[in-house]
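Subject: Structure for you to look at

Hello,

Here is the structure I said I would pass on. Please open it first and then read the notes underneath.

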Number of protein chains: 2
Amino acid sequence: MGASDTRRHIIEAADRLFYENGFEATSFADIAKAVGLSRGNFYYHFKTKDEILGAVIALRIAKTQAMLDAWEEDAPTPAERIRSFIHILIMNRAKIMAYGCPVGTLCNELAKLDHVSKDDAAKLFTHFRHWLARQFAALGREADADTLALHILMRSQGVATLATALRDEGFIRREVEAMDAWLDAQRPGQLSLPQPASRSST
Amino acid sequence: MGASDTRRHIIEAADRLFYENGFEATSFADIAKAVGLSRGNFYYHFKTKDEILGAVIALRIAKTQAMLDAWEEDAPTPAERIRSFIHILIMNRAKIMAYGCPVGTLCNELAKLDHVSKDDAAKLFTHFRHWLARQFAALGREADADTLALHILMRSQGVATLATALRDEGFIRREVEAMDAWLDAQRPGQLSLPQPASRSST
DNA sequence: GTCTATATCAGGATAGAC
DNA sequence: GTCTATCCTGATATAGAC
């Protein structure tokens with residue numbers, strides 16, 4: 001196995017462990033064990049833990065971009081693309097109830113550590129934000145596309161955090177349904193932030 | 001200074017440090033230093049870190065209950081009480097942008113650690129949930145009070161998480177305004193989850 | 001009830017053999 | 001490129017003097 005293969009395995013193992021156990025709680029030994037590597041050899045590939053974190057963030061950004069590109073390919077309309085985003089809450093519900101959102105929880109942890117990479121991690125949100133804003137603009141909401149993008153991003157984060165604490169799948173489903181209904185009502189001519197109306201889909 | 005005073009100081013220092021730096025990242029030495037205590041003496045008061053965590057969670061629950069009771073005293077209508085809850089996002093915006101929501105971030109961290117106290121921490125949400133549900137019921141929304149309580153709790157969590165990542169005060173203010181507008185529209189006869197309407201307050 | 005001193009352990013990081 | 005052996009630091013935890 002070449003060095004670049006080993007490196008990739010290390011980053012993928014670190015990615016998973018950082019998500020499941022947190023950045024601080026994951027030791028070099030944990031990652032080395034997951035890859036089947038001695039601790040000593042580990043340092044041939046990565047000199048510091050922060051270096052691994054940087055590689056993990058880069059991997060996540062690449063994966064995110066690939067996912068967004070795929071949604072853009074697969075879904076013909078902007079509304080369906082945004083719906084792809086909303087429905088990752090359902091798709092990943094088991095992991096979210098156990099470990100939260102990979103992006104939100106990493107940003108939270110790095111913020112508390114005041115880690116040098118905290119802004120790099122926050123860029124993951126930026127990718128979603130800009131992609132979502134583009135979809136809302138395509139939906140005819142050019143004027144407030146960014147506000148709408150942040151709003152739906154905010155809701156997905158709120159659902160993830162509460163889902164982890166409550167571990168209630170019904171809660172996720174209800175809120176996703178509400179997000180779908182909210183999206184259906186986003187048509188040109190509406191003003192930015194969501195307002196309640198006289199009927200509901202639930 | 002008596003032992004119970006020292007104990008209280010330890011818990012308060014731990015409360016602050018767990019919030020600002022995280023549970024794992026906070027060492028006994030950090031807490032001892034903050035209180036002005038030797039590390040050795042520390043163990044006279046608390047045997048394990050988990051014991052301190054338990055005391056911190058108990059303190060937070062007591063403080064939360066006191067805050068909810070005060071809101072109930074000070075605000076004459078259910079709507080104003082719920083507004084008190086929504087506006088902690090503005091009141092605490094500086095700390096939230098730096099460290100996130102104390103409840104959400106602690107639950108997230110303990111979930112990843114699969115810590116024995118993770119469900120105790122989640123009870124903090126339960127206190128807000130039931131209090132909010134009581135207010136929505138008093139507002140005339142008995143049928144879906146709990147759903148509405150979880151919805152507004154979810155939004156406050158989402159705003160806190162994104163605020164920490166983006167550190168954008170304008171974002172917080174816009175979303176709080178939207179939450180206020182959403183609350184204004186919650187009247188008896190509405191069905192549970194929020195829907196957009198034809199106009200916005202922003 | 002508070003201190004100093006110390007045991008023990010785990011994690012990050014390095015050196016050098018193969 | 002992978003290993004074993006090792007160092008250093010910091011963290012939990014204890015013992016015992018005052």
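The notes below go through chain A, then the DNA strand, then the cavities.

Please keep in mind that this is a predicted model.

Chain A

Chain A contains eleven helices and zero strands. Written out along the sequence, its pattern is therefore just α repeated: α-α-α-α-α-α-α-α-α-α-α. The C-alpha trace of chain A spans about 65 × 35 × 30 Å along its principal axes. Chain A has 202 residues, and 52% of them count as buried. Among the contacts in chain A with a separation of 6 or more, 68% are between residues 24 or more positions apart.

DNA strand D

Which residues come nearest to DNA strand D? There are 17 residues around the strand, and the nearest are A3(A), S38(A), Y44(A), F28(B) and Y43(B). By class, this surface has six nonpolar, eight polar and three charged residues.

Two of these nearest residues use their backbone to approach a phosphate oxygen of DNA strand D. For S38(A), a polar backbone atom is 3.0 Å from a phosphate oxygen of the strand. For F28(B), a backbone N or O atom lies 2.9 Å from a phosphate oxygen. N41(A) uses its side chain: an N or O atom there is 3.1 Å from a sugar or linking oxygen of DNA strand D.

The elements that give two or more residues to the surface near DNA strand D are α1 (3-21) and α3 (39-45) of chain A, together with α3 (39-45) of chain B. With four residues, α3(A) gives the most. Of the strand's atoms within 4 Å of the protein, 58% belong to sugar or phosphate, and the rest belong to bases.

Cavities

Rolling a probe the size of a water molecule over the atoms shows where empty space is left. How many cavities of 30 Å³ or more does a search of the whole structure find? The search finds seven.

The largest cavity has a volume of about 220 Å³. Its lining is made up of 20 residues, and those nearest its centre are T105(A), E109(A), G22(B), T105(B) and E109(B). The elements that give two or more residues to this lining are α8 (102-113) of chain A and α8 (102-113) of chain B. By class, the lining of the largest cavity has six nonpolar, eight polar and six charged residues.

Regards

Key:
Residues numbered from 1 in each chain as written. Chains lettered and ligands numbered in written order. Predicted model: local features only at pLDDT ≥ 70, side-chain atom pairs only at ≥ 80, totals over all residues. Heavy atoms only, no water. 1 Å grid on protein atoms, 1.4 Å probe; cavity = no way out; pocket = protein on both sides within 12 Å on 5 of 7 lines; lining within 4 Å. Points joined across faces, edges and corners; volume = space filled by probe spheres on them. Nonpolar A, V, L, I, M, F, W, Y, C, P; charged D, E, K, R; others polar. Near = heavy atom within 4 Å. Polar contact = N/O pair within 3.5 Å; in protein donor to acceptor, adjacent residues only side chain to side chain. Buried < 20%, exposed > 50% of the residue type's maximum accessible area, 1.4 Å probe, protein only. Contact = heavy atoms within 4.5 Å.
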